[in-house]
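Me: I would like to learn how to read a structure feature by feature, with the general idea given before the particular case. Could you take me through this one?

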Amino acid sequence: MRVLGIETSCDETAAAVVLDGRVALSDVVSTQMDIHRRWGGVVPELASRNHVVQVLPVIHEALSRAQVTLADLDGLAVTSGPGLQGALLVGLQVAKSLALATGLPLVGVNHLEGHLLAIRLAADAPEPPFLGLCVSGGHTTLYDVKAYGTYARLGTTRDDAAGEAFDKVARLLGLPYPGGLPIDTLAQTGDPAAIKFPRALRSDDVLDWSFSGLKTAVLTWVQQHGVPTGQALSDLCASFQEAVADALTRKMVLGARRVGAKTLVLCGGVAANSRLRALAEARGRDAGLEVFLPPKRLCTDNGAMIAVAGFQALARGVPKGSNLTADPTWRLGGVVTHG
Ligand code: KG4
Ligand code: ZN
């Protein structure tokens, strides 16, 4: 079964053709990073306008690289939430038009379900059940992935998402947007124990996170010492990154113990972070968990992960969505019923 996945929820216009929910025949991503960089974050109106420009060429390229036409497809999947309303509407409108023109079944996919199932595109992909830690620019949530389409939220951030914290701290330090990779790179040569940054919500009874206090602690440090350069900058980046990775992996292991999970999957843009990956592997192994880390290109937004989730939804007969609408705040959790 060949499914075309379309993703326009934030600042990437992406489309991919995926075979049987496992093999990406193509995976085309057009990023708007350069457009938003000068504003230090995603500007919703600019995102929508650029999706309008990019969406058809990107879909065309995805079909062409997969060496298929619309007639060779068996289904369509599109991100219908959560995300920026105007941005989501672009993908939805195109997907609905394609469904109408071709008669292909169309399903709306939750962006976070896409992230959680992106691991299915890796060679040694685990099947649910697994514990999925989804860490991106907009979300930081621990899910019990019980089966395809059945997700329970175990813990989430009470304020900033982890990626948002990376981006805001990077901005404070004069580093480019998005800030995750520059901080990760500088941290390679820094001392993670140089500055003792706080860890919030330390109680074992709580599986939630809070990153706003950490962000304020970095701000206070910068106000007291000035924006660091050279080794001091690397040390600050490493210390900040350590605080984030430590908090994320501690709750991940606690969550696994709570639900008796045996397998852990990291996903979302921040799952590309080298320290988070290393610590998740080490702490997961110590806790007797099998840890799966998607290749870095599958961590950030792409159309293939939407096609995988769409394939699973079509396979289990989720209602098709001719009257799909954007759901900017769609929360994943409980049984997924959106068509
Ligand atoms: O999943 P994603 O591409 O988009 C959202 O759905 O938000 O995640 C983007 C986020 C950004 O905040 C970016 O700074 C972060 O992922 N990120 C990283 C790294 N690469 C990307 N954060 C930490 N370390 C990285 N290496
Ligand atoms: Zn994402």
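Reply: Let us begin with the metal site, where a donor is an N, O or S atom within 2.8 Å of the metal (3.2 Å for Na, K and Ca), and where sites may look incomplete since water is not among the atoms. This is a predicted model, in which local features need pLDDT of at least 70 and side-chain atom pairs count only at pLDDT 80 or more, whereas totals for chains, interfaces and linings use all residues. Residues are numbered from 1 along each chain as its sequence is written, chains are lettered from A and ligands numbered from 1 in the order in which they are written, and side-chain values use heavy atoms, with hydrogens and water left out.

Me: Which protein donors does the zinc ion (ligand 2) have?

Reply: H111 and H115 each contribute NE2, and D301 contributes OD, at 2.0 to 2.2 Å from the zinc ion. Along the sequence these donor residues follow the spacing H-x3-H-x185-D. The pair H111 and D301 links distant parts of the chain, 190 residues apart, with H111 in helix α4 (residues 111–117) and D301 in the loop between α10 (296–299) and α11 (304–315). Helices here are DSSP runs of H or I with at least four residues, strands are runs of E with at least two, and both are numbered from the N terminus.

Me: Why is the arrangement around the zinc ion irregular?

Reply: Four donors count as tetrahedral if all angles lie between 85 and 135 degrees; four count as square planar and six as octahedral if opposite donors are over 155 degrees apart and all others between 65 and 115; anything else is irregular. Here the four donor atoms subtend angles of 93 to 143°, which makes the arrangement irregular.

Me: Are H111 and D301 buried or exposed?

Reply: Buried means under 20% relative accessible area, exposed means over 50%, and partly exposed lies in between, using a 1.4 Å probe and protein chains only. By that reading both H111 and D301 are buried.

Me: Which residues come nearest to ligand 1?

Reply: A residue is near a molecule or strand if one of its heavy atoms lies within 4 Å of it. Of the 21 residues around ligand 1, those that come nearest are G137, D167, G180, D184 and G269.

Me: What polar atoms lie beside the oxygen atoms of ligand 1?

Reply: A polar contact is a pair of N or O atoms within 3.5 Å; within protein, one must be able to donate a hydrogen and the other to accept it, and residues adjacent in sequence count only if both atoms are side-chain atoms. H115, already met as a zinc donor, has a polar side-chain atom 3.3 Å from an oxygen atom of ligand 1. G180 places a backbone N or O atom 3.0 Å from an oxygen atom of the ligand, and a backbone N or O atom of G269 also lies 3.0 Å from an oxygen atom of ligand 1. Taken alone, ligand 1 exposes 550 Å², of which the protein buries 89%, the areas coming from the Shrake-Rupley method with a 1.4 Å probe and, for residues, only the protein chains shown counting as cover.

Me: How should I read a single buried side chain, and where does D246 lie?

Reply: D246 belongs to helix α8 (residues 230–259), and it counts as buried because its relative accessibility is 10%. Its side chain makes a polar contact of 2.8 Å with the side chain of R283. Contact means heavy atoms within 4.5 Å, and, leaving aside neighbours within four places in sequence, D246 is in contact with R199, L279 and R283.

Me: What does S30 touch?

Reply: S30 lies in strand β3 (residues 23–31) and is buried, with a relative accessible area of 17%. Not counting residues up to four places away in sequence, S30 touches D11, E12, T13, Q54 and V58, and a polar contact of 3.5 Å joins its side chain to that of Q54.

Me: Which backbone features deserve a look, and where is the peptide bond cis?

Reply: The bond from G81 to P82 is cis, with omega near -15°, and P82 sits in the loop between β4 (75–81) and α3. Another cis bond joins P128 and P129, with omega about 5°. Q67 is not a glycine, yet it has a positive phi of about 55°; Q67 counts as exposed, at 72% relative accessibility.
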